[in-house]
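Colleague: Could you take one part of this model and go through it closely, giving the cut-off behind each term as you use it?

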Amino acid sequence: MSFIDKLRAGLKRLMAGRHGADEFSLALLIAGIVISMLGSILRIGILSLLSTALYVYSIFRMFSRNHGKRYAENQKYLSVWRQSTSGIRQFFVRLKNARKYKYFKCPECHSRLRLPRKVGEVTVTCGKCHHAFKQKA
Ligand SMILES: [Zn+2]
């Protein structure tokens with residue numbers, strides 16, 4: 001058995017039954033690296049302490065045997081991440097389709113709606129609040 005094989009087997013034994021790395025642990029590590037770099041650029045010592053805390057918490061999560069709690073934390077993180085980036089993703093979808101569709105908001109509930117371009121003036125009924133109004137496209 002080579003050294004690498006022994007190392008691999010040892011690591012497998014060490015991580016058996018543990019939660020391991022997930023998206024939240026990875027995000028904590030990346031946030032730690034970014035905060036640490038900011039701390040050294042701006043020469044703010046407390047940021048290096050904060051980045052160390054993030055590394056420790058990330059490693060704690062990877063070695064944790066409480067799968068249920070770590071899974072719930074990861075799901076919560078993913079939901080917050082999706083919500084905070086959905087506006088950016090929707091913006092790029094609108095940008096991509098800007099030649100095909102005219103985008104506008106419902107005057108009542110402010111939901112975003114769209115119409116194919118060149119349909120002229122039509123009566124639009126909002127799918128969310130059922131308010132009907134005239135719109136040019
Ligand atoms: Zn509406």
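Modeller: What follows is a close look at helix α4, with its partner α2 and then α1 for comparison of setting.

This is a predicted model, in which local features need pLDDT of at least 70 and side-chain atom pairs count only at pLDDT 80 or more, while totals for chains, interfaces and linings use all residues. Residues are numbered from 1 along each chain as its sequence is written.

Helix α4 covers residues 67–96, which is 30 residues; helices here are DSSP runs of H or I with at least four residues, and strands are runs of E with at least two, numbered from the N terminus. From its first C-alpha to its last, α4 reaches 41 Å, close to the 44 Å expected at 1.5 Å a residue, where the expected span is 1.5 Å times one less than the number of residues. At serine 86 the helix α4 bends by about 40°, the bend being the angle between axes fitted to the seven residues ending there and the seven starting there. α4 is also hardly covered, since the count of buried residues among its 30 is one; a residue is buried if 20 or more other C-beta atoms lie within 10 Å of its own, exposed if 12 or fewer, and partly exposed in between, with C-beta atoms placed from the backbone.

The axes of α4 and helix α2 (residues 23–42) come within 8 Å and cross at roughly 65°, the axes being lines fitted to C-alpha atoms, for helices over the stretch in contact, with angles from 0 to 180 degrees between N-to-C directions. That crossing makes α2 roughly perpendicular to α4, a label for angles of 65 to 115 degrees, whereas those under 35 count as roughly parallel, those over 145 as roughly antiparallel and the rest as oblique. On the α2 side, Glu23, Phe24 and Ala27 meet Glu73, Asn74, Tyr77 and Leu78 of α4, contact requiring C-beta atoms, placed from the backbone, within 7 Å. The residues of this contact divide into four nonpolar, one polar and two charged; Ala, Val, Leu, Ile, Met, Phe, Trp, Tyr, Cys and Pro count as nonpolar, Asp, Glu, Lys and Arg as charged, and the others, Gly among them, as polar.

As for α1, the number buried of its 13 residues is zero, so α1 lies largely in the open. Within α1 (residues 3–15) sits glycine 10, which is exposed, with 10 other C-beta atoms within 10 Å.

Notes. Contact = placed C-beta atoms within 7 Å.
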